[in-house]
Amino acid sequence: MRVVEIAGDSGSAESLVLTERPDPVAGPGQIRIRVRAAGINRPDILQRMGRYPAPPGASDIPGLEVAGEVDQVGGGVTRWSAGDRVCALLGGGGYAAFAVVVARHALPVPSDMDFVQAAALPETVCTVFANVFESGALKAGETLLIHGATSGIGVTAIQMAKAAGARVIATSRGAAKAKAAGLLGADLSLDAAADDMEAAIRTFGGADVVLDMVGADYAALNQAALNPFGRWVVIATQSGALAQVDLARLMMKRISLTGSTLRARPADEKARLIAAVEVTAWPWVAAGAVRPPVEATFPLEQASAAHLRLEAGGHVGKIVLTT
């Protein structure tokens, strides 16, 4: 099968090369997917740069989410059959013609959704659900503050929060991105390059949950913006990992600070998360309320160009590879 490898184990976008490997075989409890599309995520870039290695037992091929048809069913699997349209969460291996995944890590693709859109969902929906709704405990009527709101995670978080009946404050860099976040449903969309974000957020009523993909540069803003009993959830540190935290302010406001990653979670924990997503969030997907925009698609052999597009940072939504 055709796959994209990282030449030399790490490097620039040009280190992504198309090559051939033997077709994988589905083992017990697994399914093999004929990949039609694979979502690209920032962790793929970090892996390519040698800063986010695949967890033990996972494929060294990049790619954390795919969509396609079930092609082979391993022993003990009863839910899926050959030909079923699925998308799935992977520990690695998505940039390939076939991917073997744990059967419990797959979700059905709605009948009105194509594979490109479906490939943009598993990693992002699971990340948002785990961090905003589980760790962050966002409830209807509360306010979610999203930094990096036009990223793949950000646009999905906007739609999921609105589907759950919450209000959304979005921050992004540039007037065009701020406008895009507003069109996606944000109740207040701020330009981080021009607006007085702290004043605007306070006027809006503050935030109950912060989904933070920026890190150090926004630490002070988050502490000021959060309401009493607020929840600050960190999932990326693009501006740096070392931040100043006013512990007295956290105590006085009773703020909870948490962080998480998804890729290295045990298989059973991922299966639990997928099951929870299917019950709570997948009906929003099926109803069309959660359909994050796809900024661009690239064929598999242009994976390096796709990475450069994501690294450029001007996109709104997801970037997807097609096979």
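Colleague: Which members of the largest nonpolar core touch the most other members?

Modeller: This core has 47 residues; such a core joins buried Ala, Val, Leu, Ile, Met, Phe, Trp, Tyr and Cys through side-chain atoms within 4.5 Å, where buried is under 20% relative accessible area, exposed over 50% and partly exposed in between, with a 1.4 Å probe and protein chains only. It's a predicted model, where local features need pLDDT of at least 70 and side-chain atom pairs 80 or more, while totals for chains, interfaces and linings use all residues. Numbering runs from 1 along each chain as its sequence is written, and side-chain values use heavy atoms, leaving out hydrogens and water. Touching the most other members are Ile146, Met160 and Val277.

Colleague: Which helix gives this core its largest share?

Modeller: Helices here are DSSP runs (H or I, at least four residues; strands are E, at least two), numbered from the N terminus. The largest share is 7 residues, and they come from H3.

Colleague: Which residues does Met160 touch, not counting those up to four places away in sequence?

Modeller: Contact is heavy atoms within 4.5 Å. With that rule Met160 reaches Val125, Val128, Phe129, Phe133, Ala281, Trp284 and Val290.

Colleague: How many aromatic pairs are there?

Modeller: Phe, Tyr and Trp rings (six-membered ring for Trp) pair with centres within 6.5 Å; planes under 30 degrees apart are stacked, over 60 edge-to-face, the rest tilted. That gives a count of 2.

Colleague: How far apart, centre to centre, are Phe129 and Phe133?

Modeller: Both belong to helix H3 (residues 122-135), 4 residues apart, about one turn of the helix. Their rings are stacked, with 25° between the planes and a centre to centre distance of 5.9 Å.

Colleague: And which pair involving Phe133 is tilted?

Modeller: Its planes are 55° apart, with 5.8 Å centre to centre, for Phe133 and Trp284. Phe133 sits in helix H3 and Trp284 in helix H10 (residues 282-286), so the pair ties together parts 151 residues apart in sequence. Both residues are buried, and with Phe129 they form one aromatic cluster. So the tilted pair, tying H3 to H10, is Phe133 and Trp284.

Colleague: At what angle do H3 and H9 pack?

Modeller: Axes are lines fitted to C-alpha atoms over the stretch in contact, with angles from 0 to 180 degrees between N-to-C directions. The axes of H3 and helix H9 (residues 267-280) are 10 Å apart, at an angle of about 85°.
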